[in-house]
Amino acid sequence: MISTAFSYLNVPYLWGGKSPLGIDCSGFTQMVYKLNGIVLKRDASQQAKQGSTLSFLEESEPGDLAFFDDKEGAITHVGVLLQDHRIIHAHGKVRIDAIDQTGIYNRELQYHSHKLRMIKKIV
């Protein structure tokens with residue numbers, strides 16, 4: 001799962017995209033899982049309804065999904081968790097950032113770019 005996710009590293013973000021030419025966050029997670037024999041729905045909000053919810057980030061394992069919401073509480077972003085409090089996700093491009101209980105922390109910009117809503121174990 002993780003090696004599949006890394007194969008998309010630096011692919012540019014493209015809303016609605018699902019290929020190495022351009023991909024969005026939920027297309028990225030859908031393709032990573034599909035290439036590993038697991039069916040995910042297309043949109044992040046639909047994917048958030050799959051699997052079982054974990055209580056804490058510390059319970060997660062590489063390959064679990066993290067979901068993020070907007071100010072209204074709608075799920076708008078998803079990424080694949082890695083080891084050592086990191087996440088690979090499509091935001092501008094497929095990239096690796098830090099993650100904590102607050103959300104995704106962009107070290108370059110020194111702020112949280114996404115607010116963590118839930119963590120799901122799909123398999």
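Q: In this predicted model, how far apart are the mean positions of the positive and negative charges of the protein chain?
A: The protein chain carries 14 positive and 13 negative charges. Each set has a mean position. The two mean positions are apart by 6 Å.

Q: How many helices and how many strands does the protein chain have?
A: From the N terminus on, the elements run α-β-β-α-α-β-β-β-β-β-β-β. In that order, α stands for a helix and β for a strand. The totals are three helices and nine strands.

Q: What radius of gyration does the protein chain have, against the value for a compact globule?
A: The C-alpha trace spans about 30 × 30 × 30 Å along its principal axes. With 123 residues, a compact globule would have a radius of gyration near 14 Å. The chain agrees with that, at 13 Å.

Q: What share of the residues of the protein chain count as buried?
A: Buried means under 20% relative accessible area. The chain has 123 residues to sort by that cut-off. The buried share is 47%.

Q: Is helix 2 largely enclosed or not, and how many of its residues are buried?
A: Helix 2 covers residues 25-34. Its buried residues include Cys25, Phe28, Met31 and Tyr33. The helix is largely enclosed by the rest of the structure, because the buried residues number nine of the ten.

Q: Which element gives the most residues to the largest nonpolar core?
A: In soluble globular proteins, nonpolar side chains tend to be buried together. Here the largest nonpolar core has 24 residues, and Tyr8, Ile23, Phe28, Leu65 and Val94 have the most contacts inside it. Helix 2, strand 4, strand 5 and strand 6 each give two or more residues. The top giver, with five residues, is helix 2.

Q: How many residues are in the second, separate core?
A: This core stands apart from the largest one. Among its members are Leu57, Ala66, Leu116 and Ile119. Its residues number ten.

Q: Which residues does Val94 contact, leaving aside neighbours within four places in sequence?
A: Val94 is one of the residues with the most contacts inside the largest core. Its partners include Ile23 and Phe28, which are on that list too. The full set is Tyr8, Leu9, Asn10, Val11, Ile23, Phe28, Ile88 and His89.

Q: Is Pro20 buried or exposed?
A: Pro20 is in the loop between strand 1 and strand 2. It touches Tyr8, Val11 and Pro12, not counting residues up to four places away in sequence. Its relative accessibility is 59%, so Pro20 counts as exposed.

Note on methods
Residues numbered from 1 in each chain as written. Predicted model: local features only at pLDDT ≥ 70, side-chain atom pairs only at ≥ 80, totals over all residues. Heavy atoms only, no water. Buried < 20%, exposed > 50% of the residue type's maximum accessible area, 1.4 Å probe, protein only. Helix = DSSP H or I, 4+ residues; strand = E, 2+ residues; numbered from the N terminus. Core = buried A, V, L, I, M, F, W, Y, C linked by side-chain atoms within 4.5 Å. Contact = heavy atoms within 4.5 Å. Rg over C-alpha atoms; globule rule 2.2 N^0.38 Å. Lys, Arg positive; Asp, Glu negative; His and termini not counted. Charge placed at Lys NZ, Arg CZ, Asp CG, Glu CD.
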